[in-house]
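Please open the model in your viewer and keep the selection panel at hand, since each stop of this tour begins with something to select.

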Amino acid sequence: MSSAEYHPETLETEIQSSWQAKNAFAAVADETREKFYCLAMFPYPSGKLHMGHVRNYTIADVIARYHRMMGKNVLQPMGWDAFGLPAENAAIQNNVAPAAWTLDNIAEMKRQLSRLGFAYDWDRELSTCTPEYYRWEQWFFTRLMERGLAYKKESEVNWCENDQTVLANEQVVDGKCWRCDTPVERRAINQWFIKITDYAQELLDDLDDLDDWPEQVVAMQRNWIGRSEGANVRFPFEDTHIEVYTTRPDTLMGVSYLAVAPQHPLAHRAAESSPELASFIQDLTQTKVAEADVATMEKRGIDTGLRAQHPLTGEDIPIWVANFVLMSYGSGAVMSVPGHDQRDWEFATKYQLPIIQVVTSASGDAVDLSEAAFTEKGPLVNSGPFTGQSFEQGFNSIVEALEGKGLGEKTVNFRLRDWGVSRQRYWGAPIPVINCSDCGPVPVKDDDLPVVLPTDVAFDGVASPIKSIADFMEADCPRCGKASERETDTFDTFMESSWYYARYTSTHDDSAMLGDEADYWLEVDQYVGGIEHAILHLLYARFFHKLMRDEGLIKSSEPFKRLLTQGMVLKDGAKMSKSKGNTVDPQELIDRYGADTVRLFSMFAAPPEQSLEWSDAGVEGSHRFLKRLWRLVQDRAVHQDSVDVKTANLSKPQKDLRRKTHETIAKVSDDYGRRQTFNTAVAAVMELCNDVSRHSVESAEDAAVVDEALTTAVSLLNPIVPHISETLFGQLTGGDILEAPWPKLDEGALARDEIDIVVQVNGKVRAKISVAADASKEAIEQTALSHDNVRRFTDGVTVRKVIVVPGKLVNVVAN
């Protein structure tokens, strides 16, 4: 390779081979060094990298390499989120077992990631579909069962009768199975749950400590956990009660009906004598309802004919079945106050139910309930003995009245529900339970773990193939020895992704879930991933971390110290996707321009947290800059030797270039470390290179300042473009940039002999003057007034005042 020409395809593969040969990025725990654990969310092995992957992993790699140059002991691992539905779908389409399809994809994606030059410790690589990984997940689940934190209960799912399988919400299209068009039913089946609700308050409280997380993510988690203060209220019904939770007990006197979910026992009881209600409930079982849809969908309901009693007045309250009530939320029943809740108002208006005003405006303005519900808090009206009380007074006194009757109490409620971890799918980690007809669900003994998922299966996608494998299904009860059957549900894939970051610290430890290194490396110092994971993945990972802490596996309470959520990659104004036909293949770009160009464009085109608009011209521009940087270094290599730049007697142009070099160090250090705005870091280095290209080398002093500037530019770019940087750094210094520290700021180089000051006359800029950095106010004033253009605007008028702002401006007031 001629050193005069830039050939990234040869240069990059040679350097990557050298990294691999010396295991350059292996991380070893060292208590004498400050550690830095940098992690990007691991990918699902779909088989091909897309530009979103490239951007995500480049951001993390830039941060990791920067901290390595800062002298820290850096861990940056990579692995594969390998279980999940897409592999099952691919198995059907391609007539291949999910395991084989997944492993082939992992090999291909690993090759692509390696070609991008990411500084991964591949020795710690893990894949969640291997027994070596999920063995510990199974072990941990048995501990949660022992602690009473994992349990089984009946819960609703989307069921396809034709395929005899459960469908994810995404697989229900217009109420039908995505594959066979069979109408989907809502069916209650037994499923496994973990008690995340036991940790709701701690998960909420600890958000206050996440100072280095985006405010938006913290707010989303806070809302999802959804702490509210209210009251449990019990409405007498026959010889029992219907319990509801409300955040507005102050409106209790305005209840005009109760609404129950279609799956509520009272709904089924009433349906036995009402064909109309039975048909309505059956219709709703074929409609998937997510909590997010409740507010916007059409409100529908039927009167059951049953009546409860108001807990304070004893008046009859009709009980309706309504489609906006979810059995999975609370008790499956709500008290409806149409005067002061918009959803209740819409339902009451549609079915001509009473709308009673019990709250009025605090300002005294009239309230019109004919147009909408009045949802503000205010003084109570039409509320019997509570009329005239404020919101707070009414809240407390109505709760006290309920407590006095044993029909309610103040309580704290959370929107958060327990985490359902069962999936009725094949391609997942088997739940380590044996179902005994005498003992019920019994955890598998430690010695019998892992429960290995059979991978040599005939897969038709209709039902899990493991149900027909006798060797897998048959097992003796660990408690009583009776012939029993294994649990055929597999874990939700969020289980695997909730602790993988911790397992990287102990990948090769086959004696424990987490080994001795875990507390050295954890918590993760920098986590990088998409905003779409703000709630589920990040919340479950926080929960799992606390569970592992309470099992004595780790000491820390939070998994991720600093979080960066990168923006999407757009093309033609839309997110890249195959369906839109606007994808760009990273491999084609790497083959044409080299990995460094792709990395540089990904970092330069936009700040990391914002969307990046794809630009072919931008990629070309990034490549041109790298070729220009290459030429600058090659041209410098033929000039004479330089001198020690710190002791040399420098001219003004030489001092100016040296100052620019150190201003760039200060700026880029801040951009990488505090601000994480890599686009502005690149722009600053480009400016420095412009100054270098304008500085001719005619002396040893010139050579010294140019060498310093180029070495600095290459070092500052190294986290973003590591291949070209390693080569050029070697040419400039004879050293290895992998061992080189981050450029050191020389504060003395920032000092200026002269400074430029703007001169205004009556507030308008009329001149720019250069003065000595230590010039007195009098000297600055004299220089300003003697400038030709200032004199042009002050001749013939009287100078009334001269205001000098040192280092910035002079303002002459004249009339």
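Select residues 35–40 first: in this predicted model they form strand β1, which pairs with β2 in the parallel sense over three bridges. Within that pairing, Phe36 stands opposite Val74 in β2.

Now widen the selection to the whole open sheet, whose four strands follow the order β2-β1-β24-β25 with parallel pairing. The edges are taken by β2 (73–75) and β25 (560–566), and because each has a single partner strand, one side of each is left without a neighbour in the sheet. On average, and with direction ignored, neighbouring strands here are turned by 20° against each other. Add residues 51–69 to see helix α2, which packs on the sheet and touches β1, β2, β24 (524–530) and β25; the direction of α2 makes about 170° with that of β1.

Next, select Glu108, which lies in helix α4 (residues 98–115). Is Glu108 buried or exposed? Glu108 is partly exposed, with a relative accessible area of 30%. Show Pro45 as well: although Glu108 and Pro45 are 63 residues apart in sequence, their C-alpha atoms are 8.9 Å apart in space.

For the last stop, select helices α21 (residues 678–694) and α22 (residues 700–717), which pack with their axes 10 Å apart at an angle of about 160°. The two helices α21 and α22 are therefore roughly antiparallel to each other, and their crossing is left-handed. To display the contact, pick Val685, Leu688, Cys689 and Val692 of α21 together with Val706, Ala709, Leu710, Ala713, Leu716 and Leu717 of α22. The residues of this contact comprise ten nonpolar, no polar and no charged.

Definitions and conventions. Residues are numbered from 1 along each chain as its sequence is written. This is a predicted model: local features need pLDDT of at least 70, side-chain atom pairs count only at pLDDT 80 or more; totals for chains, interfaces and linings use all residues. Side-chain values use heavy atoms; hydrogens and water are left out. Two strands pair if DSSP finds at least two bridges between them. Axes are lines fitted to C-alpha atoms, for helices over the stretch in contact, and angles run from 0 to 180 degrees between N-to-C directions. Contact means heavy atoms within 4.5 Å. Buried means under 20% relative accessible area, exposed over 50%, partly exposed in between (1.4 Å probe, protein chains only). Angles under 35 degrees count as roughly parallel, over 145 as roughly antiparallel, 65 to 115 as roughly perpendicular and the rest as oblique. A crossing is left-handed if the near helix is turned anticlockwise from the far one by less than a right angle, and right-handed if clockwise. Ala, Val, Leu, Ile, Met, Phe, Trp, Tyr, Cys and Pro count as nonpolar, Asp, Glu, Lys and Arg as charged, and the others, Gly among them, as polar.
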